[in-house]
Amino acid sequence: MKPKPLREKDPFAVPKSAGTAPTTDSVLSFYREALLALGRSPQNLRKVESDLNKLFSFLGGADVSTLTPKRLQDFQIWLAKTPMTTPRKRRAMLSAGARAHVAASVRSFLRWCYKAGVLAADFSSHIVVPKVADALPRDIPTLKELATLIRSQRSTGTKLGLRNAAVLSVLYAAGLRKGELVALNLQDVNFQEREVRVTQGKSGAGRTVPIAAWALAVLADYLEQARPKLLHTPTERLFLGSRDEPLSAGGVDWILKTACNDAGLRYINPHALRHAFCVHLLKNGAGIRIVSALAGHKSLNSTVRYTRLNVSDLQQVVRKSHPRGR
């Protein structure tokens, strides 16, 4: 009988005291170090920890080493039936997509626990990640809405209005995530080459994105007229908050809410501007691989969902192409 190959030891294996099982806190600490070594972003770490906290809540204080296939099966049943507290709605049930995300995080964690010596066996195969269809994102802003948002902030002429307009312009024109935007430094924008360099992308991946001249003009107004008035302490961060600190992800949310209220529009999520970037490029003939590279998608599947036609697209085709479509 062929001997089973030895498992590869994780470089961030959890050290064990004699006769003592590692605590949940120590396991989490070493797992966080392992993810950081892989280049995971702080935003991604917070999401993973939020997912794993659901597993620890189910364990009720018991150590990870007590996990068994039966307990993992019970955890998935518990996850589907137990209401979770969310910022917007108390005691809300997790959606199918949220449960799939939790399952994927727990599966990766269990695989690492086996390599790190926390678990004697690899239980990751006992976690079922449900298939969830990637529907076309809803509430994608139109070009008219985007123009209204940016104009409403730029026309104020105030330092915060100019900053808000620049944030909205760069988010949409470069298709950035919130975490990528707030991590931008002054040297990451090349006005001559019309490029934005993303150094802290998802999973540590970097990329360079061309940006339109109109967005650079809005950004230049912010840098010349508003940023010096906001800046009191030297910092290389491109976007600043109102209290002389680097702009946070929460600050980006506040900017969108303010801009939508000022423009009299429905609330638009910051990530919807990134969706609009991808959808508008594809609708105007950009290749799917080019859009995937510009958006920094790790998998082409993340870009494919933007190619699906929505109801308005279908109606437009029927009106244009059907002999009795009008």
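Two strands are said to pair if DSSP finds at least two bridges between them. In this predicted model, strand E1 and strand E2 (residues 195-198) meet that condition, for they pair in the antiparallel sense over two bridges.

## The sheet

Strands of a sheet pair through backbone hydrogen bonds, either parallel or antiparallel. Here three strands form an open sheet in the order E1-E2-E3, and their pairing is antiparallel. Strand E1 (189-190) and strand E3 (207-210) stand at the edges with a single partner strand each, so one side of each is left without a neighbour in the sheet. E2 also pairs with E3, again in the antiparallel sense, and this pairing runs over four bridges.

A residue of E2, Val196, can be followed across the sheet: Val189 stands opposite Val196, and in E3 the bridge partner of Val196 is Val209.

In a regular strand the side chains alternate between the two faces of the sheet. E3 shows such an alternation, with Arg207 and Val209 pointing to one face, where they are buried, while Thr208 and Pro210 point to the other and are not buried.

## Aromatic pairs

A pair of aromatic rings is described by the distance of the centres and the angle of the planes. A search of the whole structure finds nine aromatic pairs, and two of them are set out in the table.

| Pair | Centre to centre | Angle between the planes | Arrangement |
|---|---|---|---|
| Phe58 and Trp78 | 5.6 Å | 50° | tilted |
| Tyr172 and Trp214 | 6.5 Å | 35° | tilted |

What does the pair of Phe58 and Trp78 tie together? Phe58 lies in helix H2 (residues 42-59) and Trp78 in helix H3 (residues 69-81), so the pair ties together parts that are 20 residues apart in sequence. Phe58 has a relative accessible area of 19%, and because buried means under 20%, Phe58 counts as buried; Trp78, at 22% relative accessibility, counts as partly exposed.

In the other pair, Tyr172 belongs to helix H6 (residues 159-174) and Trp214 to helix H8 (residues 213-230), so parts that are 42 residues apart in sequence are tied together. Tyr172 is buried at 13% relative accessibility, whereas Trp214, with a relative accessible area of 40%, is partly exposed.

Ring pairs also link Tyr31, Phe56, Phe109 and Trp112 into a cluster.

## The cavity

Tyr31 appears again in the lining of the largest cavity, together with Leu28, Arg32, Leu35, Leu45, Val48 and Glu49. The elements that give two or more residues to this lining are helix H1 (24-37) and H2, and the largest share, four residues, comes from H1. A search of the whole structure finds one cavity of 30 Å³ or more, and the volume of the largest cavity is about 40 Å³. Which classes of residue make up the lining of the largest cavity? Five of the lining residues are nonpolar and two are charged, while no polar residue takes part.

## The nonpolar core

The largest nonpolar core has 51 residues, of which Leu219 and Phe239 touch the most other members. At least two residues of this core come from each of helix H5 (143-154), H6, helix H7 (178-182), E2, H8, helix H9 (249-263), helix H10 (270-283) and helix H11 (288-295). H6 gives the most to this core, with ten residues. The helices H6 and H8 are thus met twice in this account: they hold Tyr172 and Trp214, and each supplies at least two residues of the core.

Methods. Residues numbered from 1 in each chain as written. Predicted model: local features only at pLDDT ≥ 70, side-chain atom pairs only at ≥ 80, totals over all residues. Heavy atoms only, no water. Phe/Tyr/Trp six-rings, centres within 6.5 Å; stacked < 30°, edge-to-face > 60°. Buried < 20%, exposed > 50% of the residue type's maximum accessible area, 1.4 Å probe, protein only. 1 Å grid on protein atoms, 1.4 Å probe; cavity = no way out; pocket = protein on both sides within 12 Å on 5 of 7 lines; lining within 4 Å. Points joined across faces, edges and corners; volume = space filled by probe spheres on them. Nonpolar A, V, L, I, M, F, W, Y, C, P; charged D, E, K, R; others polar. Core = buried A, V, L, I, M, F, W, Y, C linked by side-chain atoms within 4.5 Å.
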